[in-house]
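Reader: I would like to go through the terms used for this model one by one, with the cut-off behind each.

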Amino acid sequence: MKLSRTVLASVLALTACGTADTATTPAPGASGALTPIKLQLQWFYQAQFAGYIAAVDQGFYKEQGLDVTLLEGGVDIVPQTVLAQGKADYAIAWVPKALASREQGAGITDVGQIFARSGTYQVAWKDSGITTAADLKGKKVGNWGFGNEFELFAGMTRAGIDPGKDVTLVQQQFDMQALLKKEIDAAQAMSYNEYAQLLEAKNPATGKLYTAGDFAIIDWKTEGSSMLQDAVWANTQKLNDPAYQQQTVKFLTATIKGWAFCRDNPEKCRDLVVAKGSKLGRSHQLWQMNEVSKLVWPAAAGGIGTIDEAAWKQTVEISQTTRNQTGDTVLTRAPEGLAYTNDYIEQAIEQAEAAGVDVEGAGFQPATVTLTEGGA
């Protein structure tokens, strides 16, 4: 869906709920004053968003002439809708969810694919015999819904399992209690969050914490059904405005610096997230910081945030072809218009490199994080 700069300048899109504010964007820092920016996060404050939190704390946005306010997400907040309604300048959202909103009329564009890889697992007990998607047949399978389930459904579909007939689907809470209590056979988990919750729980039989050896992981990256997740989305219509284009490059440049800072200073970023008010503890947030960095670094070819065409196509194909338990797909047709562009992230990468930032992180080595009970 990458369009030329000429086409970029002519793309117009409707927003999800009425027309977004399209007033001319002042050039960042043009008058010496900082330009106020609102970034809508996808979820509550946690290390999933550490790069943005660090970019605020370390002054990287201010260096670019931007005064960025982070808007915390939550269960009832749809970031791409907040963006499309003009209530935020940028938003963080998973690609399939955002594409579904685009199909419904939201005028949004992926301008920076910060997470190059998916972090979604399906986790079962080691002694369950569940090690691949095919093993889920006839099992009680937990999932969160809300558009988080399509990697699971795609994996089952590839394995010849009908999600509507061959498994018992269970609405899962955003924790791992149903698996720990053995109410379900397999649970949905993010590598950086819910999976850690298992390893922070005490095994009543031993009095010690569970270990990775107690569980089996189905990783959708190895099953071939992974989809693109956290991306920076911009307002498509505003991208016609040269000042908003300039602002977007500056925002992405500072964002790159934030994520590189957290790659190189994971404990400092852990502390920033905890200080921001996260309800999850220090060891949990350090685990999360480490695991999130694995999804970002090493960056895709071209540098952090570059949208890989093959990964995009796989996400779109799954969105169009994988059906949920009611027979619905994420998308009914291929995305139209300016669904994504690398134009702004490429300029941001160039500017960040010129400032001495390692934008690829080829030498990144994840740490070994020791979790404590409850993630404290």
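Reader: Why is the packing of helix H10 against helix H14 called oblique?

Author: In this predicted model, H10 (residues 242–264) and H14 (residues 343–354) pack at an angle of about 50°, with their axes 8 Å apart. Axes are lines fitted to C-alpha atoms, for helices over the stretch in contact, and angles run from 0 to 180 degrees between N-to-C directions. Angles under 35 degrees count as roughly parallel, over 145 as roughly antiparallel, 65 to 115 as roughly perpendicular and the rest as oblique, so H10 is oblique to H14. Helices are DSSP runs of H or I with at least four residues, numbered from the N terminus. Residues are numbered from 1 along each chain as its sequence is written, local features need pLDDT of at least 70, side-chain atom pairs count only at pLDDT 80 or more, while totals for chains, interfaces and linings use all residues. Side-chain values use heavy atoms, leaving out hydrogens and water.

Reader: Which residues of H10 and H14 meet?

Author: With contact meaning heavy atoms within 4.5 Å, Gln-245, Thr-248, Val-249, Leu-252, Thr-253 and Ile-256 in H10 meet residues of H14 including Tyr-344, Ile-345 and Ala-348.

Reader: What makes Ser-226 buried?

Author: Buried means under 20% relative accessible area, exposed over 50% and partly exposed in between, using a 1.4 Å probe and protein chains only; Ser-226 has 16%, and therefore counts as buried. Among the residues that Ser-226 touches, not counting those up to four places away in sequence, are Ser-118, Glu-151 and Trp-220.

Terms used
Helices (H or I, at least four residues) and strands (E, at least two) are DSSP runs, numbered from the N terminus.
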